[in-house]
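Let's take a walk through this one together. Have the sequence and the 3D view open, and we'll go stop by stop.

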Amino acid sequence: MKQNLENIRRRIADAATACGRDPQTVRLVAVTKTVSVDRVAEAIDAGIDIVGENYIQEARDKFDALYDRPLTWHFIGHLQSNKAKYAVRMFDLIHSVDSLKLARALDKAAQNNAKIQKILIQVNISQEESKSGTTENEAMDLVTDISRLEHVRIKGLMTMPPFFDQPERARPFFHQLARLQSRIADRNIPGVRMDELSMGMTGDFEVAIQEGATLVRIGTALFGARR
Ligand SMILES: *Cc1c(COP(=O)(O)O)cnc(C)c1O
C-alpha cells in the first residue's frame with residue numbers, strides 16, 4: 001500500500017509538472033468502496049487524507065469506525081434524495097449532484113445541521129444512458145438554480161468518461177468538462193465557484209491532470225482490484 005501510494009504520488013507530480021502545473025493543485029481522493037476499515041486505516045497511516053465513498057451505508061460503517069482519524073470524507077457515488085441527511089453529516093464534499101431535487105434535499109439537510117454543504121455538479125459528458133449526471137446543455141441552468149439555495153455551495157464539476165483501454169481516448173471528455181468549467185466561471189454566478197474539476201481514475205488520471213483535474217479519484221491503483 002505504501003509503495004502504491006508513493007508510485008501514485010510520483011505519477012501525479014510528474015503529470016502535473018510535465019504540463020506546467022504545480023503538483024500541489026492536484027489532490028488525491030482514495031476511493032475506498034468495498035475496502036475494509038482495516039485497509040482504510042492502513043491507507044491513512046500511509047498518508048491518505050481524503051477518502052471517496054460510493055455508498056451511504058458502507059460509508060456510515062466506516063465513518064463510525066474512523067471518525068476520530070484526521071480524514072476528509074468525499075461522496076462520489078449516486079445519491080438518492082432520501083439519503084441526503086446522512087450524506088450531509090459525513091461528507092465535506094459531494095461530487096455527484098446532478099438534479100435540483102437532490103440539491104434541495106441537501107440544502108434542507110444542511111440547514112438542519114447548521115452547515116453549508118460543498119458540492120460538485122456531476123456532468124454526463126459522454127451522454128451514456130448508464131451514467132448519472134446532468135447533460136452539458138442543462139448544466140448552466142442547473143448551476144444557476146442551485147446557486148439560489150442558501151445551504152449548498154457549488155465548488156466545481158465532476159465527470160466520469162466511458163471506460164477505455166487507452167487513456168488518450170478519455171481526453172476529449174476531460175477537455176470538454178474543463179471548457180464547460182470556464183464557460184460557467186465566465187458567467188460569474190453569485191456564490192458559485194469553479195475551483196474544482198473532479199476527473200481521472202486509475203486508468204486515466206494522468207490525462208485528466210493534463211486537462212486540468214484538481215481532484216483525481218483513485219481506487220484500484222492504490223488498493224488493488226476490487227472484489
Ligand atoms: C470506483 C470509482 C472510482 C475509482 O476507480 P478506479 O478505476 O478503481 O481507480 C472513481 N470514481 C468513481 C465515481 C468510482 O465509482
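Where is the place of Lys-33? Look in the loop between strand S1 (27-31) and helix H2 (37-46). Keep in mind as you look that this is a predicted model. Lys-33 is a good place to begin, since the unreviewed UniProt entry puts the feature "modified residue: N6-(pyridoxal phosphate)lysine" right there. That label comes from the record, and such annotations may be inferred rather than shown by experiment.

Is Lys-33 buried or exposed? With a relative accessible area of 18%, Lys-33 falls on the buried side, because buried means under 20%. Setting aside the neighbours within four places in sequence, Lys-33 is in contact with Gly-52, Glu-53, Asn-54, Tyr-55, Glu-58, Lys-62 and Arg-226.

One place along, Thr-34 turns up in the loop between S1 and H2 too. Check its backbone: Thr-34 has a positive phi of about 65°, although it isn't a glycine. Thr-34 counts as partly exposed, at 28% relative accessibility.

Now bring in the ligand. Lys-33 is one of the residues around it, and so are Asn-54 and Arg-226, two names you've just met among the contacts of Lys-33. The rest of the surroundings are Val-31, Ile-76, Met-160, Met-201, Thr-202, Arg-217, Ile-218, Gly-219, Thr-220. Zoom in on the polar atoms and pick out a few distances. The side chain of Asn-54 has an N or O atom 2.8 Å from an oxygen atom of the ligand. For Thr-202, a side-chain N or O atom sits 2.5 Å from a ligand oxygen. Arg-226 joins in with a polar side-chain atom 2.8 Å from an oxygen of the ligand.

Let's step back to the annotated domain. The unreviewed UniProt entry gives residues 4-226 as "domain: Alanine racemase N-terminal". In the model, that span is 43% helix and 17% strand, and its end C-alpha atoms lie 15 Å apart.

Next, the aromatics. How many aromatic pairs does a search of the whole structure find? The search turns up three. Take Phe-63 and Trp-73: their ring centres are 5.2 Å apart and the planes meet at 70°, so this pair is edge-to-face. The two rings connect distant parts of the chain, with Phe-63 in helix H3 (residues 56-66) and Trp-73 in strand S3 (residues 72-75), 10 residues apart. Their surroundings are worth a look as well: Trp-73 counts as buried at 4% relative accessibility, whereas Phe-63, at 23%, counts as partly exposed.

From there, move on to helix H6. This helix runs over residues 136-147, 12 residues in all, and reaches 17 Å from its first C-alpha to its last, close to the 16 Å expected at 1.5 Å a residue. Its buried residues are Glu-136, Ala-139, Met-140, Leu-142, Val-143 and Ile-146. What covers them? The cover includes strand S4 (93-97), helix H5 (100-112), strand S5 (117-122), strand S6 (152-158) and helix H7 (171-187).

Glu-136 deserves a closer look. This residue of H6 is buried, with a relative accessible area of 17%. Its side chain makes a polar contact of 2.7 Å with the side chain of Gln-176. Beyond its neighbours within four places in sequence, Glu-136 is in contact with Val-123, Ile-125, Gln-176, Leu-180 and Arg-183.

For a contrast in H6, find Asp-141, which is exposed with a relative accessible area of 55%. Asp-141 and Leu-100 are 41 residues apart in sequence, yet their C-alpha atoms are 9.9 Å apart in space.

Strand S5, part of that cover over H6, holds Gln-117. At 0% relative accessibility, Gln-117 counts as buried. Apart from neighbours within four places in sequence, its contacts are Ala-87, Val-88, Phe-91, Asp-92, Leu-93, Ile-94, Ala-110, His-151, Val-152 and Arg-153.

Last stop: the loop between H7 and strand S7 (196-198), where you'll find Asn-188. Asn-188 has a positive phi of about 50° although it is not a glycine, and it is exposed, with a relative accessible area of 64%.

Conventions. Residues are numbered from 1 along each chain as its sequence is written. This is a predicted model: local features need pLDDT of at least 70, side-chain atom pairs count only at pLDDT 80 or more; totals for chains, interfaces and linings use all residues. Side-chain values use heavy atoms; hydrogens and water are left out. Helices (H or I, at least four residues) and strands (E, at least two) are DSSP runs, numbered from the N terminus. The expected span of a helix is 1.5 Å times one less than its number of residues. Buried means under 20% relative accessible area, exposed over 50%, partly exposed in between (1.4 Å probe, protein chains only). Contact means heavy atoms within 4.5 Å. Rings of Phe, Tyr and Trp (its six-membered ring) pair if their centres lie within 6.5 Å; planes under 30 degrees apart count as stacked, over 60 as edge-to-face and the rest as tilted. A residue is near a molecule or strand if one of its heavy atoms lies within 4 Å of it. A polar contact is a pair of N or O atoms within 3.5 Å; within protein, one must be able to donate a hydrogen and the other to accept it, and residues adjacent in sequence count only if both atoms are side-chain atoms.
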